[in-house]
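Colleague: Could you take one part of this model and go through it closely, setting out where its residues sit and what lies around them? I would prefer one connected account to a list.

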Amino acid sequence: MAGRRRASGARVVLALCLLLVCLVGCGGRPDTDSAKAEVQRVLDRRAAALLDRDAAAYRRTGAPTGFDNLRAVPLAGWSYRLTDLHRTGDTATAEAELRYRVEGYDRAPVSAGRTLSLGLDAQGEWYVEAERPAGRSAEQLWDQGKVSVVRGDDSLVLGVGQSGAVLRSYAELADEAVPAVSQAWGTNWARHVVVLVPKSLNDMAGLLGSPASSYRGIAAVTTGETGAPANAPADRIIVNPDAYGVLGKVGKQVVLTHETTHVATRADTTAATPLWLSEGYADWVGYLGSGRSPSQAAPELWRAVSEGRGPQELPADADFGFTGDANKLARAYESGWMACRMIADHWGEVRLGEFYRAVGAHERREGAVEGALKDVLGTSQADFSAQWREYLRAQLG
């Protein structure tokens, strides 16, 4: 009896081992790994077909959605890296990193998180049913419709829901902005810009992954990494067609030149750079040659100074929040512009650029402005602030 019990126990152990082998070897990780490899191969074929402009090959990988939307975009690179796969029977959801480059503009790939829905066909091969931005990722322009492209001398304008004439007008303004910025800042930057023109404010917000309310009244923004290395992807100037469309010709040019200045100064704009300097400098370049007087270009600040409510300190970063008081936001931009204008007037335009670079070269925000004021302008924070307040009274009082 004891011997039989030991034999029975051994059989139970053997059965459990076989069950574990079956679970791990037959239906566990190897099967998942195999599916991941198969899906990655489908994504590789899909990317190659898109780059080759091969519509038939693209359709063989699944839904044709996206191919026509991207047909006009000059792509130098397009690839997917599968990061996760959730399979349920004959369907699956894939998480992937999309990396792409626009030919002639992106020195490095732009990355975007994507979610793809997949299915198995009758032959047991995976195909793409749909693709969309991943959970916390912003939309790409082609997610919003067919992209139209206009090339300028120094610009590439991509738009959805916009006529060719409208996109050409953006290219003309951008082509004027690039040399204007180079004349003020110098030529050590890419000297070309990518402009995205969505159909509406809501679509602009989709490209930025933020609520539309954050950008209502904002004509354009520039996306890019501060302190970006030389091989970073090109910045994108993203236009709010609702706000931009109501501007006059001078206003439109000022906005495009302002945003182009952000592109040019990106490598020297770091965490040490306060917003009053980065936004003020961009406005200073934008208004050069516009013929606008201080009271015309800074109406909110002019009103405050005229009424004896002029600011006592340069604006803090928090004053530039898009979701706050619109008048307060305007005064913050205008205050930064007047500070940069004062530096150019009193120390010269070259010294203004040197000051900007010196602030950005500081290791941290603390002491950055104070150090550059001392080393470049030969003044102190207290004296600079007092001189700025007097400059506001003289120019706007």
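Modeller: R191 sits in the loop that links α5 to β7 (193–197), in what is a predicted model. The phi of R191 is near 60 degrees, a positive value in a residue other than glycine. That deserves a remark because most residues other than glycine have a negative phi. With a relative accessibility of 41%, R191 counts as partly exposed. A second loop residue can be set beside R191: R53, which is not a glycine, has a positive phi of about 60 degrees, and is placed between α2 (29–52) and α3 (55–59). R53 is partly exposed, its relative accessible area being 32%.

The helix α5 (164–185), which comes before the loop of R191, leads on to α13, since α5 is one of the elements against which the buried residues of α13 pack. The others named there are α8 (249–265), α9 (275–287), α12 (326–347) and α14 (368–377). Helix α13 itself runs over residues 349–360, and its 12 residues reach 17 Å from the first C-alpha to the last, close to the 16 Å expected at 1.5 Å a residue. Its buried residues are L352, G353, F355, Y356, V359 and G360. Viewed down the axis of α13, these buried residues fall within an arc of 155 degrees, so they line one face of the helix. As background, an α-helix has 3.6 residues a turn, so residues three or four places apart point the same way.

From the partners of α13, two can be followed further. Helix α12 holds E334, which is buried yet has no salt bridge, the nearest side chain of opposite charge being that of R331 at 7.1 Å; a salt bridge would require a side-chain nitrogen of Lys or Arg within 4 Å of a carboxyl oxygen. A polar atom of the E334 side chain does lie 3.3 Å from the backbone nitrogen of E300. Beyond its neighbours within four places in sequence, E334 is in contact with A297, A298, P299, E300 and L301.

The other partner is α9, which is joined to α10 (294–297) by the loop that contains G289. With 83% relative accessibility, G289 counts as exposed, whereas E334 is buried. Between G289 and V254 there are 9.7 Å in space, C-alpha to C-alpha, although the two are 35 residues apart in sequence.

Definitions and conventions:
Residues are numbered from 1 along each chain as its sequence is written. This is a predicted model: local features need pLDDT of at least 70, side-chain atom pairs count only at pLDDT 80 or more; totals for chains, interfaces and linings use all residues. Side-chain values use heavy atoms; hydrogens and water are left out. Helices (H or I, at least four residues) and strands (E, at least two) are DSSP runs, numbered from the N terminus. The expected span of a helix is 1.5 Å times one less than its number of residues. Buried means under 20% relative accessible area, exposed over 50%, partly exposed in between (1.4 Å probe, protein chains only). The arc is that of the directions from the helix axis to the C-beta atoms. Contact means heavy atoms within 4.5 Å. Lys and Arg count as positive and Asp and Glu as negative; His and the chain ends are not counted. A polar contact is a pair of N or O atoms within 3.5 Å; within protein, one must be able to donate a hydrogen and the other to accept it, and residues adjacent in sequence count only if both atoms are side-chain atoms.
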